[in-house]
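Reader: I am new to this structure and would be grateful for a close look at a single part of it. Please choose one charged residue and explain its setting, and then the setting of its partners.

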Amino acid sequence: MSSSIVIRALNEAEHLPRLFDGLMSQTTPPDEIVLVDSGSTDDSVRIAEGLGAECHALPHSGALSTFRAGVDLVRTPFYVLLNGDDILDSTYVERTRPRMSDSAVGFVYTGFRWFGAAERT
């Protein structure tokens, strides 16, 4: 079963290397990684291209429009939506793909952990 990663980015140059470390360490790698940039003024697109993503730059239009553009670009039946500052556990794709293939399932989600400066108490 094929799956894609769709990344929404806006000035995420400092976070993308950590995100891509997680993507490259997946026990079941995604079939494609698509980054949609929403008007970054930093090196987000250059960094993502250097890390192997298919990149598309749009004028700033908000998160929902950026995710929709990314979903329209994927070539697989299943996709994971990420922000540029997210981190995936190395088994994320492996553990969610089987659930995505169940025809009775329309949406798969998991728990999450706060990290970095955004940690909650």
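Author: The residue chosen here is Arg75, which counts as exposed at 59% relative accessibility. The model is a predicted one. The side chain of Arg75 meets that of Glu54 in a salt bridge, with 2.8 Å from N to O. This pair links distant parts of the chain, since Arg75 belongs to the loop between helix H3 (63–73) and strand E4 (78–83), whereas Glu54 belongs to strand E3, 21 residues apart. Glu54 is partly exposed, its relative accessible area being 24%. In general terms, side chains of opposite charge can pair when their charged atoms come close.

The contact extends to a further residue: Glu32, Glu54 and Arg75 are linked in a network of salt bridges. Glu32 leads to strand E2, where Glu32, Val34, Val36 and Ser38 point one way and Ile33, Leu35 and Asp37 the other way. In a regular strand the side chains alternate between the two faces of the sheet. Both sets in E2 are buried. Seven of the seven residues of strand E2 (residues 32–38) are buried, so this strand is largely enclosed by the rest of the structure.

The neighbours of E2 may be described next. Strand E3 (residues 54–58) runs parallel to E2 and is joined to it by five bridges. Within E3, Leu58 is the bridge partner of Ser38. Between E2 and E3 the chain passes through helix H2 (residues 44–50), in a β-α-β crossover that is right-handed. Strand E1 (residues 3–9) also pairs with E2 in the parallel sense, over six bridges. Leu35 in E2 is the bridge partner of Ile7. Together, E1, helix H1 (residues 16–24) and E2 make a right-handed β-α-β unit.

The salt bridge of Arg75 may finally be set beside others. Across the whole structure, a search finds four salt bridges. One of them joins the side chains of Arg97 and Asp31, at 3.0 Å from N to O. Because Arg97 lies in helix H4 (residues 92–100) and Asp31 in the loop between H1 and E2, this pair ties together parts that are 66 residues apart in sequence. Arg97 is buried, with a relative accessible area of 12%, while Asp31 is partly exposed at 48%. Asp43 also forms a salt bridge, with Arg46, the closest N and O atoms being 3.2 Å apart. Asp43 counts as partly exposed at 40% relative accessibility, and Arg46 as exposed at 54%.

Methods. Residues numbered from 1 in each chain as written. Predicted model: local features only at pLDDT ≥ 70, side-chain atom pairs only at ≥ 80, totals over all residues. Heavy atoms only, no water. Buried < 20%, exposed > 50% of the residue type's maximum accessible area, 1.4 Å probe, protein only. Helix = DSSP H or I, 4+ residues; strand = E, 2+ residues; numbered from the N terminus. Pairing = 2+ DSSP bridges. Right-handed = clockwise from strand over helix to strand, strands pointing away.
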